[in-house]
Every structure is written in structure tokens, then in C-alpha cells.
Amino acid sequence: MTAVSLLLERAGLPDDLRWLAEKYPREVWQGHANIHGIATMWLQRHDMFRELGGMLTNGTDDYREGRLTAPEFAGWFAPPPQPFSRSSRWPS
């Protein structure tokens, strides 16, 4: 069984994560000195992945329906140029 199939078949959080979720419910994250920064960062990453997933779904639909050419669709997977940046990581 693969990790992906295990993730898709699980009934809920594992015990150790459920314990953390119960001890530190989402409502207290903003005011908690140790959790606030890291929780905010991870929530932003999750939002970014949701946004990217939606963009890829729309782009794939556009390509499949002929609204994008193959080169246009391929351009989605190349990072945008960043001429004055030392780092070219994408997305930022």
C-alpha cells in the first residue's frame, strides 16, 4: 500500500496529530506566541497550493479544449524570469 492510498483511506487524523489539534484548536493560533508564526506560514503555503492547483486545473482544461496551444501550456511550467533577483525559485 502506498503513502498516497493510505492518506486517501484514513478516517481522520492520527492520534498524535488529533492530540495537538485538541490541545491547540485553530481559534487560539493567532494569539499563541509559539504557534502564530509557523501556523500562519503553513496556512499561507496551503492557500498557495490550492491556488496553484486551481490554476493547473484551469490551464489543463484550456489546453484540452483548444484554448491554449502546446507551447502556451508548456510555458506554465517554466519559472518566470526574475532579472534582478539572486534567487529564481518559483513561486515566491
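This report walks through a few features of a predicted model: its pocket, its salt bridges, its aromatic pair and a nonpolar patch.

## The largest pocket

A good place to start is the largest pocket, which has a volume of about 500 Å³. It is lined by 14 residues, and the ones closest to its centre are Leu-20, Ala-21, Tyr-24, Trp-29 and Ala-39.

Which helix gives the largest share of the lining? That's α3, with six residues. Helix α2 belongs in the picture too, since α2 and α3 each supply at least two residues of the lining.

## A salt bridge in helix α2

Helix α2 covers residues 15-23. Inside it you'll find Arg-18 and Asp-15, which sit three residues apart, or about one turn of the helix. Their side chains form a salt bridge, with the closest N and O atoms 2.3 Å apart.

How open to the outside are these two? Asp-15 has a relative accessible area of 58%, so it counts as exposed. Arg-18 comes in at 34%, so the label here is partly exposed.

## Two more salt bridges, in helix α3

The count of salt bridges comes to four, and helix α3, which runs over residues 36-64, holds two that are worth a look. One of them joins Arg-50 to Asp-47, with 3.2 Å between the closest N and O atoms. These two are three residues apart in helix α3, so about one helical turn separates them. Arg-50 is exposed, at 57% relative accessibility, whereas Asp-47 is partly exposed, at 46%.

Another brings together the side chains of Arg-64 and Asp-61, at 2.5 Å from N to O. Here again the partners are three residues apart in helix α3, and therefore about one helical turn from each other. Arg-64 counts as exposed, with 55% relative accessibility. Asp-61 is partly exposed, with a relative accessible area of 26%.

## The aromatic pair

The structure has one aromatic pair. Why is it called stacked? The ring centres of Tyr-63 and Phe-73 are 4.9 Å apart and the ring planes meet at 10°; planes under 30 degrees apart count as stacked, so this pair gets that name.

The pair also ties together distant parts of the chain: Tyr-63 belongs to helix α3, while Phe-73 belongs to helix α4 (residues 70-74), and the two are 10 residues apart. Is each ring's residue buried or exposed? Phe-73 is buried, with a relative accessible area of 17%. Tyr-63, on the other hand, is partly exposed, at 38%.

## A nonpolar patch on the surface

Back towards the start of the chain, which residues make up the nonpolar patch on the surface? They are Leu-13, Leu-17, Trp-19 and Leu-20, and together they have about 380 Å² of accessible area.

Leu-17 is one of the residues of helix α2, the helix that also holds the Arg-18 and Asp-15 pair. At 40% relative accessibility, Leu-17 is partly exposed. Leu-20 turns up twice in this tour: as a member of the patch, and among the residues closest to the centre of the largest pocket.

Notes
Residues are numbered from 1 along each chain as its sequence is written. This is a predicted model: local features need pLDDT of at least 70, side-chain atom pairs count only at pLDDT 80 or more; totals for chains, interfaces and linings use all residues. Side-chain values use heavy atoms; hydrogens and water are left out. Rings of Phe, Tyr and Trp (its six-membered ring) pair if their centres lie within 6.5 Å; planes under 30 degrees apart count as stacked, over 60 as edge-to-face and the rest as tilted. Helices (H or I, at least four residues) and strands (E, at least two) are DSSP runs, numbered from the N terminus. Buried means under 20% relative accessible area, exposed over 50%, partly exposed in between (1.4 Å probe, protein chains only). Patches are made of residues with over 30% relative accessible area and no salt bridge: like charges are joined within 9 Å, nonpolar side chains (Val, Leu, Ile, Met, Phe, Trp, Tyr) within 5 Å. Accessible areas come from the Shrake-Rupley method with a 1.4 Å probe; for residues, only the protein chains shown count as cover. On a 1 Å grid over the protein atoms alone, a cavity is a set of points where a 1.4 Å probe fits but cannot get out, and a pocket is an open set with protein on both sides within 12 Å along at least five of seven lines; lining residues have an atom within 4 Å of a point. Grid points are joined across faces, edges and corners, and a volume is the space filled by probe spheres set on the points.
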